[in-house]
Amino acid sequence: MFRLNLKIAWRNLWKNKGYTLINILGLSIGMASCILIFIFIRFQLSFDEGYKNADRIYRVVTDWKYKAFDDFSAGVPIPFTAAARNEIAGIEKIGAIAKWGDVVHVKDNMGREILKSHEDLYFAEPDFFEVINIKWKYSKASEALKSPNSVTLSEAMAIKYFGSIQNAIGKSITVGAKIHLSVTGVFQDMPQNSSFPIKIVIAYQNLFNYYTSRNCWDCINSSLSSYVLLKKGLNKSDLDGAMARFNKKYYEDKKIEGNQVNRLQALKEIHFDERYDNFANSTIAKGQIYGLAIIGLFLICTACINFINLNTAQAVNRSKEVGVRKVMGGKRKQLIIQFLTETVVLVLISLLIACIISELAIPAMQNIFKNQISFSLFGHPVIFLFMLLLVVFVGFLAGFYPAMIISGFNPALAIKNKVALNNNSLSLRKILVIVQFTITVILIITTIVIVNQMDYLQQKPLGFNSVAVVMVGVPSQDKHNIFKERVLKIPGVQLLSYCQSPPLSQDINSTNFTFNGTKNKDFEVRTCKADENYFKLFNLKIIAGKVFMKSDTANGYVVNETFLKKVGIMNPEDALGKMINATGINIPIVGVVKDYNDKSLKEEISGLAISAGRNQYWQAAIKLEGKQLLSSMNQIEALWNSTFPDNIYHAEFVDDRIKGYYESEHIMGVLFKVFACVIIFISFIGLFGLISFVAMQRTREVAIRKVLGASTLQLVKMLNGSFLLMVFIANMVAWPMAYLFVSKWLSGFAYRIDISLWPFAMAMFISMLITLITVSFRSYKAANANTIDALKYE
């Protein structure tokens with residue numbers, strides 16, 4: 001019986017090749033899009049999975065609550081881990097880990113350097129590896145990291161540095177200029193979907209070569225983290241009391257500013273909480289994942305609606321077949337199975353084509369994410385399960401209703417070919433078309449708004465000039481002067497300034513402070529170290545006072561307008577001479593700079609204080625002439641390598657860094673464009689198929705109207721009218737839904753475009769225009785058909 005159903009299904013699909021092609025095209029593109037979206041979502045949701053006791057692993061984070069704002073950090077004070085290990089009941093294991101970047105030198109047995117690279121270094125207690133269970137290829141954490149000056153490598157790094165795991169053990173590497181470390185262990189490479197991209201892990205004792213504040217409870221750096229494993233049977237709420245007592249003892253009783261507290265964050269939340277960073281520098285809001293999942297659902301529903309509409313529209317043509325089979329004893333159940341078999345065959349063919357499309361699209365998908373994510377169509381068994389469920393879902397959703405309609409025909413009327421679809425089914429088909437175009441219009445509006453917002457971010461004046469400014473890392477303060485003198489002699493170099501960071505940067509140093517003798521409790525001031533040339537190079541406008549004098553240490557602050565507003569000073573001139581104490585020393589305000597955006601446009605401008613501080617200049621900002629960029633950059637790199645031979649050259653244009661802050665929004669914009677185009681394509685090929693069938697069904701009516709004097713234009717208008725009305729209704733339904741979505745998305749930006757009428761009007765224009773072109777093309781062909789051929793049919 002199954003074989004017979006399959007044969008009949010194939011014959012019917014082949015008989016209606018045009019509609020079969022439209023259905024396969026719509027379903028395959030929709031299914032391919034769903035598969036790609038699923039692969040991406042599965043990768044994101046798989047972050048930090050697979051660790052032993054993952055449900056009991058937590059990261060300790062630090063929160064502040066000021067009167068004016070809340071602040072968050074993934075870091076903890078250095079003394080936290082040791083104190084918590086002894087004082088917080090319910091913790092089975094706790095381990096600290098810290099991140100730092102430095103140059104690694106690898107030498108051969110003769111002492112000759114064979115490899116030099118800048119790497120992220122991690123300093124970890126052995127207990128960290130008891131919390132985050134990582135497989136070891138050689139040794140184990142409790143042995144390998146117990147002694148100072150010991151280092152463990154990932155398998156990939158061991159092979160990179162020494163050729164094999166066996167060769168690595170016992171060898172040494174040099175970090176920086178003089179820290180010699182012995183390789184004592186090798187661990188398994190961390191997967192790409194991990195918040196711990198560790199490759200080089202050094203004994204925790206060596207951390208204090210970089211950090212000296214061992215006992216400071218209000219010194220927080222997000223690169224210093226602590227992870228805990230709770231005792232069996234306990235969860236985070238069971239430790240609330242112990243954490244509250246701990247926070248009171250070390251923060252409240254010590255009068256630490258900002259209502260500072262530590263709390264536990266579940267391991268599974270790390271990748272999805274954008275308030276805190278992580279070692280992988282990779283977070284994604286769950287809202288974005290849900291948004292993509294909804295788009296995937298929209299895509300497949302749109303393809304299914306095409307199928308339902310075309311199949312119910314074609315139902316009349318199969319009435320004789322249904323009538324004969326019923327007269328011959330066929331039961332409705334058997335007919336339903338027959339028509340569902342046809343649908344499943346079509347879906348399976350579409351799935352095969354979808355797999356091919358997905359495989360071809362994966363390189364482009366990886367390119368969008370700059371190869372930071374690896375996609376594979378067959379990389380995980382759950383993808384096969386998803387494909388199976390997709391076939392079942394689409395087969396049932398697209399096939400069940402048409403099967404019920406067709407199998408329910410009256411056999412007597414069916415044999416006489418007098419079956420007509422009732423008004424309810426016609427109404428349902430119209431509703432489905434409206435739903436389909438509602439989805440399309442929502443995506444068009446959303447895409448337009450996202451693109452406009454991204455254009456706004458790129459074009460908005462930031463309050464400083466970043467054109468042709470390159471940031472170059474500078475490791476050694478004692479060579480600053482000679483490097484600067486030589487750089488300024490290079491043709492095309494206009495100006496150089498030493499600083500911590502460019503004006504707009506997410507590298508934030510903030511602190512509590514005293515203003516003119518009064519302790520401020522409303523906010524923390526963001527501090528930035530830069531020399532006196534910083535303001536001229538970035539074209540920052542001084543609106544009161546002057547720039548601080550040339551100095552190696554802070555002798556005056558230049559503050560911004562936002563700082564003055566927050567401390568209640570309206571006239572910039574009144575701020576001059578006022579004292580700020582943020583470092584234990586009273587330093588006067590000598591100038592006021594006009595506000596500029598110091599963070600991404602998702603956030604408000606900070607209260608900012610800029611001062612000199614030679615020992616904290618990590619970068620050189622170099623202003624170049626646009627016509628000599630390439631030549632100047634090559635000469636700067638050559639000079640840098642000769643001046644700092646033990647380090648690794650790194651340079652980045654300020655404009656490129658700023659664009660990087662909106663990378664996730666850019667990616668979302670690209671995905672919305674792609675999927676909006678896909679949905680538009682699916683919708684309109686379905687519309688073309690539907691109008692083709694309607695035109696064929698009304699061939700005799702069109703011919704009669706033509707004989708009675710109707711013009712071609714009148715006939716086209718008659719056939720077009722109902723479709724244009726449905727698209728108009730779809731726009732009216734889509735507008736409020738799209739408005740709610742884009743309002744929610746835009747609320748994530750401190751600086752954003754206003755939602756105007758034109759994206760909605762543009763979406764209506766696009767949908768109506770494409771509908772008009774699609775429907776008119778087929779309608780015109782039907783209106784110009786030979787009337788004699790139509791009327792002599794019977």
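Q: Let us count rings of Phe, Tyr and Trp as an aromatic pair if their centres lie within 6.5 Å. How many aromatic pairs does a search of the whole structure find?
A: The search finds 34 aromatic pairs. Please keep in mind that this is a predicted model.

Q: What is the geometry of the pair formed by Y122 and F279?
A: Y122 and F279 meet edge-to-face, with 80 degrees between the planes and 5.2 Å from centre to centre.

Q: Where in the chain do Y122 and F279 lie?
A: Y122 is in strand β4 (residues 113-124), and F279 is in the loop between β11 (261-266) and α9 (286-314). The two are 157 residues apart, and the pair links distant parts of the chain.

Q: And is Y122 buried or exposed?
A: Y122 is buried, because its relative accessible area is 1%, under the 20% cut-off. F279 is buried as well, with a relative accessible area of 6%.

Q: What about F513 and F563: what kind of pair do they form?
A: The F513 and F563 pair is tilted, at 45 degrees between the planes and 5.6 Å centre to centre. F513 lies in the loop between β14 (510-511) and β15 (514-515), whereas F563 belongs to helix α17 (residues 561-566), so the pair ties together parts that are 50 residues apart in sequence. Both F513 and F563 are buried.

Q: Which residues do ring pairs link into a cluster?
A: The cluster consists of Y51, F128, F129, W136, F187, F196 and Y227.

Q: Turning to charges, what sits over the ring of F72?
A: The charged end of R275 does, 4.9 Å from the centre of the F72 ring. In addition, K286 lies over the face of F272, at 5.1 Å from the ring centre.

Q: New topic. How many disulfides are there?
A: There is 1 disulfide. It joins C216 to C219, with an S to S distance of 1.9 Å.

Q: What is the handedness of the C216 and C219 link?
A: The link of C216 and C219 is right-handed, with 75 degrees about the S-S bond. C216 counts as buried because its relative accessibility is 17%, whereas C219 is partly exposed at 34%.

Q: Which cysteine sulfur is nearest to that of C301?
A: The nearest is that of C304, at 6.3 Å, and C301 is in no disulfide. C301 is partly exposed, with a relative accessible area of 22%.

Q: On to packing: how many residues does the largest nonpolar core have?
A: The largest nonpolar core has 128 residues, and those with the most contacts inside it are M31, I35, F483, Y534, F538, I610 and I622. Helix α14 (residues 423-459) gives the most to this core, with 14 residues.

Q: What is I610 in contact with, leaving aside its neighbours within four places in sequence?
A: I610 is then in contact with C528, A530, Y534, F535, F548, G556, Y557, V558 and Y596. Apart from the largest core there is another of 29 residues, including A96, M157, Y161 and I173.

Q: Finally, which residues does UniProt list for "transmembrane region"?
A: The unreviewed UniProt entry lists residues 21-43, 289-310, 335-362, 382-410, 431-451, 670-694, 715-735 and 755-777.

Q: How much helix and strand does the chain have over residues 21-43?
A: Over residues 21-43 the chain is 100% helix and 0% strand, with the end C-alpha atoms 33 Å apart. Residues 289-310 are likewise 100% helix and 0% strand, and their end C-alpha atoms are 32 Å apart.

Technical notes: Residues are numbered from 1 along each chain as its sequence is written. This is a predicted model: local features need pLDDT of at least 70, side-chain atom pairs count only at pLDDT 80 or more; totals for chains, interfaces and linings use all residues. Side-chain values use heavy atoms; hydrogens and water are left out. A disulfide is a pair of cysteine sulfur atoms within 2.5 Å. Buried means under 20% relative accessible area, exposed over 50%, partly exposed in between (1.4 Å probe, protein chains only). Rings of Phe, Tyr and Trp (its six-membered ring) pair if their centres lie within 6.5 Å; planes under 30 degrees apart count as stacked, over 60 as edge-to-face and the rest as tilted. Helices (H or I, at least four residues) and strands (E, at least two) are DSSP runs, numbered from the N terminus. A charge sits over a ring if NZ of Lys or CZ of Arg is within 6 Å of the ring centre and within 35 degrees of the ring normal. A nonpolar core is a set of buried Ala, Val, Leu, Ile, Met, Phe, Trp, Tyr and Cys residues joined through side-chain atoms within 4.5 Å. Contact means heavy atoms within 4.5 Å. UniProt positions are given in the numbering used here, feature names are shortened, and annotations may be inferred rather than shown by experiment.
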